[in-house]
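User: I am new to this structure and would like to learn how to read its main features. Please take me through them one at a time.

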Amino acid sequence: MSIEHRVIVVTGVTRGLGRAMAEAFAAGGHRVAGCGRDRGALDEVATELGIEDHFWQPVDLADGAQVEAWGRAVEARLGVPDLVINNAAVINRNAPLWEVPGEEIESLFRINLAGVCHVLRAFLPAMVERRRGVVVNFSSGWGRSTAPEVAPYCASKWGIEGLTRALAQELPPGMAAVPFNPGIIHTEMLASCFGPAAASYPGPEEWARRAVPRLLAFGPDDNGEARSL
């Protein structure tokens with residue numbers, strides 16, 4: 001399939017980086033399958049980008065059965081993905097680990113780690129069967145370093161690094177799994193950590209103009225390699 005007509009799966013398309021990527025991929029002529037938990041925001045994306053060439057569906061990534069059903073629906077509608085981007089993630093409120101409620105930690109891991117596994121299990125079998133495709137799992141600078149008061153988030157992103165590198169060893173030749181640090185971007189998540197200082201960093205749209213060509217260029221030579229923007 002030519003680069004102009006790829007099928008691209010993006011999680012978390014209702015806000016921030018996910019929405020900016022969906023807009024940029026669609027503008028480039030690609031067919032996008034996107035999900036999010038906020039049905040209202042997802043309807044806005046569908047209205048903006050259309051439904052004829054794309055597929056938008058509300059999905060709770062923590063629910064493996066929902067993700068599996070979404071995967072089947074995407075393949076029936078658009079075909080086997082050429083590029084799967086695990087972007088969706090949440091962060092804990094700033095606090096020492098012992099002050100973060102257990103329920104908040106468990107919810108974070110269900111989305112940031114288990115959710116990524118659910119997506120991979122939903123789409124990889126068909127991709128592996130044809131021995132083609134790229135998976136990009138979004139990590140973070142805090143997946144390769146640490147900071148106080150975001151220990152659960154750091155743990156989840158360090159987990160993404162290990163998960164992706166191990167997955168890379170399992171894929172057949174011709175495929176790639178890439179742990180990707182998108183850099184520091186002015187999003188709601190960053191504002192929750194940095195406060196007003198977050199505004200000094202590039203916003204999602206500016207970031208997407210640089211990031212989307214890089215994401216589209218990933219191939220077998222990037223398999224298992226930690227990449228950053």
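User: Which helix joins β2 and β3 in a β-α-β unit, and is that unit right-handed or left-handed?

Analyst: A note before the reply: this is a predicted model. The helix is α2 (residues 39-49), and with β2 and β3 it makes a right-handed β-α-β unit. The two strands, β2 (residues 31-36) and β3 (residues 55-58), run parallel and are joined by 4 bridges. One pair to look for is A33, whose bridge partner in β3 is F55.

User: How should I read the sheet as a whole, and what is the order of its strands?

Analyst: Strands of a sheet pair through backbone hydrogen bonds, and the pairing is either parallel or antiparallel. Here the sheet is open, has 7 strands in the order β3-β2-β1-β4-β5-β6-β7, and its pairing is parallel. The edges are β3 and β7 (227-228); each has a single partner strand, so one side of each has no neighbour in the sheet.

User: Which strands does helix α3 touch?

Analyst: Helix α3 (residues 64-77) packs on the sheet and touches β1 (7-11), β2 and β3. The direction of α3 makes about 165° with that of β3. Another helix to compare with the sheet is α4, which lies across β1, β4, β5 and β6 and runs at about 170° to β5.

User: Let us take one strand. How many residues of β5 are buried, and which way do they point?

Analyst: In a regular strand the side chains alternate between the two faces of the sheet. In β5 (residues 133-138), 6 of its 6 residues are buried. G133, V135 and N137 point one way, while V134, V136 and F138 point the other way.

User: Which strands are joined to β5 by bridges?

Analyst: Strand β4 (residues 83-86) runs parallel to β5 and is joined to it by 4 bridges. In that pairing I85 stands opposite V136. From β4 the chain passes through helix α4 (residues 102-130) to reach β5, a right-handed β-α-β crossover. Strand β6 (residues 175-181) is also parallel to β5, with 6 bridges between them. G133 stands opposite M175 in β6. The chain gets from β5 to β6 through helix α5 (residues 151-170), and this β-α-β crossover is right-handed. A further pair is N137, which stands opposite P179 in β6.

User: Now the helices. How do I describe the packing of α1 and α2?

Analyst: Two packed helices are described by the angle between their axes and the distance between the axes. For α1 and α2 the angle is about 20° and the axes are 11 Å apart. That angle makes α1 roughly parallel to α2. The contact involves R19, A22, E23 and A26 of α1, with A41, E44, V45, E48 and L49 on the α2 side. The crossing of α1 past α2 is right-handed.

User: At what angle do α1 and α7 cross?

Analyst: The axes of α1 (residues 16-27) and α7 (residues 204-217) cross at roughly 60° and come within 9 Å. The two helices are therefore oblique to each other. Here too the crossing is described by its hand: α1 passes α7 in a right-handed crossing. From α1, the residues G16, L17, A20, M21, A24 and F25 meet P204, E205, W207, A208, V212, L215 and L216 of α7.

User: Which residues other than glycine have a positive phi?

Analyst: Most residues other than glycine have a negative phi. Two to look at are R131, with phi near 60°, and E149, with phi near 75°. R131 is in the loop between α4 and β5, and E149 is in the loop between β5 and α5. R131 is partly exposed, with a relative accessible area of 46%. E149 is also partly exposed, at 38%.

User: As a last case, where is F194, and what is it in contact with?

Analyst: F194 is in helix α6 (residues 188-194). Its relative accessibility is 31%, so F194 counts as partly exposed. Leaving aside neighbours within four places in sequence, F194 is in contact with W142, I184 and Y201. The C-alpha atoms of F194 and N94 are separated by 9.9 Å, although these residues are 100 residues apart along the chain.

How values were computed:
Residues numbered from 1 in each chain as written. Predicted model: local features only at pLDDT ≥ 70, side-chain atom pairs only at ≥ 80, totals over all residues. Heavy atoms only, no water. Buried < 20%, exposed > 50% of the residue type's maximum accessible area, 1.4 Å probe, protein only. Pairing = 2+ DSSP bridges. Right-handed = clockwise from strand over helix to strand, strands pointing away. Axes fitted to C-alpha atoms, helices over the stretch in contact; angles between N-to-C directions. Parallel < 35°, antiparallel > 145°, perpendicular 65-115°, else oblique. Left-handed = near helix turned anticlockwise from the far one by under 90°. Contact = heavy atoms within 4.5 Å.
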